Amino acid sequence: MEFLQSVDSHLLVGAAVAFVAIGIGAVFLFSSRKPKGCLDPENFKDFKLVKRTQLSHNVAKFTFELPTPTSILGLPIGQHISCRGKDSQGEEVTKPYTPTTLDSDVGYFELVIKMYPQGRMSHHFREMRVGDKLGVKGPKGRFTYVPGQVRAFGMLAGGSGITPMFQVARAILENPKDKTEVHLIYANVTYEDILLKEELDGLATNYPEQFKVYYVLNQPPEVWDGGIGFVTKEMIQNHCPAPAADVKVLRCGPPPMNKAMEAHLNDLNYEREMLFQF
């Protein structure tokens, strides 16, 4: 009888230990899983504007709240969202944008928007105030970044085309296991037009071996050590990785710039599979 009681007590202790271990394992498993994103690829969802920061006369940073402080947007690196608003005539308009935040920025997402005088969606953002809601749908896009997929990226950006480049660069540089090099050429008309300059300069300072940025201005100030005019083949040769199987060049800018860059890249013998346009 004493033997049976001893066996029973050992079984009970063993079962309790196993149960606790299983419980701890389950907690670890679920806590280590990435939270589900807030986006819906088929339907627009509303997100509330909680902060608006004016960066220049026509550029502002919009911070939108996610449902909980631990929620993530759920946007794959290299993809974008569709935003819905109303133009000056009250007609519905949609336009793609790339957040400058990543899913490591929990509880919110940010858009840096350049508002053009005649832009239909620009009107909507110009009129937005804290407390207003923005309709968002996604993710969308043909490009998804996978760490280590190339040895180096060349990036050719113009104006607001910097946002997808910044998103990809941040994801690479903030991942200590990702050693991909990033070489960015960023073109604008004037110095004041340069978006995210403080953030880009910060990346260049913090990751000097991995991230290089070369600014090009069509109308530079008197004292200027960057490129002048339009992006040339020589600039690409000097500031982007040479054509290779483990190199990819991304471009995003106004249509005339994209067309000119495509011609330059073809002349420099970059093959089709080495190129991607957002």
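These exercises work through a predicted model of one protein.

**Exercise 1. Overall make-up**

Task: State how many helices and strands the protein has, and what share of its residues count as buried.

Solution:
- Step 1. Go through the secondary structure. The protein has six helices and 12 strands.
- Step 2. Turn to burial. The protein has 278 residues, and 44% of them count as buried.
- Step 3. Look at the surface. About 15,400 Å² is exposed, and carbon and sulfur atoms supply 56% of that area.
- Step 4. Check the contacts with a separation of 6 or more. Residues 24 or more positions apart account for 72% of these contacts.

**Exercise 2. Two helices in contact**

Task: Classify the packing of helix H3 against helix H4 by their angle, and describe the contact by residue class.

Solution:
- Step 1. Locate the helices. H3 covers residues 162-173, and H4 covers residues 197-206.
- Step 2. Take the geometry. The packing angle is about 30°, and the axes lie 12 Å apart.
- Step 3. Apply the cut-off. Angles under 35 degrees count as roughly parallel, so H3 and H4 are roughly parallel to each other.
- Step 4. Assign the handedness. The crossing of H3 past H4 is left-handed.
- Step 5. List the residues. H3 contributes Ile162, Phe166, Ala169 and Leu173; H4 contributes Glu199, Leu200 and Leu203.
- Step 6. Sort them by class. The contact of H3 with H4 has six nonpolar residues, one charged residue and no polar ones.

**Exercise 3. The surroundings of Leu134**

Task: Decide whether Leu134 is buried or exposed, and find which residues it touches beyond its neighbours within four places in sequence.

Solution:
- Step 1. Place the residue. Leu134 sits in strand E6, which covers residues 133-140.
- Step 2. Read the accessibility. Buried means under 20% relative accessible area. Leu134 has 0%, so Leu134 is buried.
- Step 3. Collect the contacts, leaving out neighbours within four places in sequence. Leu134 touches Lys45, Asp46, Phe47, Phe64, Cys83, Arg84, Leu111, Met121, His124, Phe125 and Met128.
- Step 4. Compare sequence with space for one pair. Leu134 and Arg84 are 50 residues apart in sequence, while their C-alpha atoms are 6.7 Å apart.

**Exercise 4. Backbone exceptions**

Task: Identify which peptide bond from Gly138 is cis, and what sign phi has in Leu196 and Asn269.

Solution:
- Step 1. Set the expectation. Most residues other than glycine have a negative phi, and most peptide bonds are trans.
- Step 2. Inspect omega. The bond from Gly138 to Pro139 is cis, with omega near 0°. Pro139 belongs to strand E6.
- Step 3. Inspect Leu196. Its phi is positive, near 60°, and Leu196 is not a glycine. Leu196 lies in the loop between strand E8 (181-188) and H4.
- Step 4. Inspect Asn269. Its phi is also positive, about 70°. Asn269 lies in the loop between helix H6 (255-267) and strand E12 (275-277).
- Step 5. Add the accessibility. Leu196, at 8%, counts as buried. Asn269, at 59%, counts as exposed.

**Exercise 5. Glu192 in its loop**

Task: Work out where Glu192 lies, and whether it is buried or exposed.

Solution:
- Step 1. Place the residue. Glu192 is in the loop between E8 and H4.
- Step 2. Apply the cut-off. Exposed means over 50% relative accessible area. Glu192 has 57%, so Glu192 is exposed.
- Step 3. Find the distance to His57. Glu192 and His57 are 135 residues apart along the chain, and their C-alpha atoms are separated by 9.3 Å.

Definitions and conventions
Residues numbered from 1 in each chain as written. Predicted model: local features only at pLDDT ≥ 70, side-chain atom pairs only at ≥ 80, totals over all residues. Heavy atoms only, no water. Helix = DSSP H or I, 4+ residues; strand = E, 2+ residues; numbered from the N terminus. Buried < 20%, exposed > 50% of the residue type's maximum accessible area, 1.4 Å probe, protein only. Contact = heavy atoms within 4.5 Å. Areas by Shrake-Rupley, 256 points an atom, 1.4 Å probe, with all protein chains shown as cover. Axes fitted to C-alpha atoms, helices over the stretch in contact; angles between N-to-C directions. Parallel < 35°, antiparallel > 145°, perpendicular 65-115°, else oblique. Left-handed = near helix turned anticlockwise from the far one by under 90°. Nonpolar A, V, L, I, M, F, W, Y, C, P; charged D, E, K, R; others polar.
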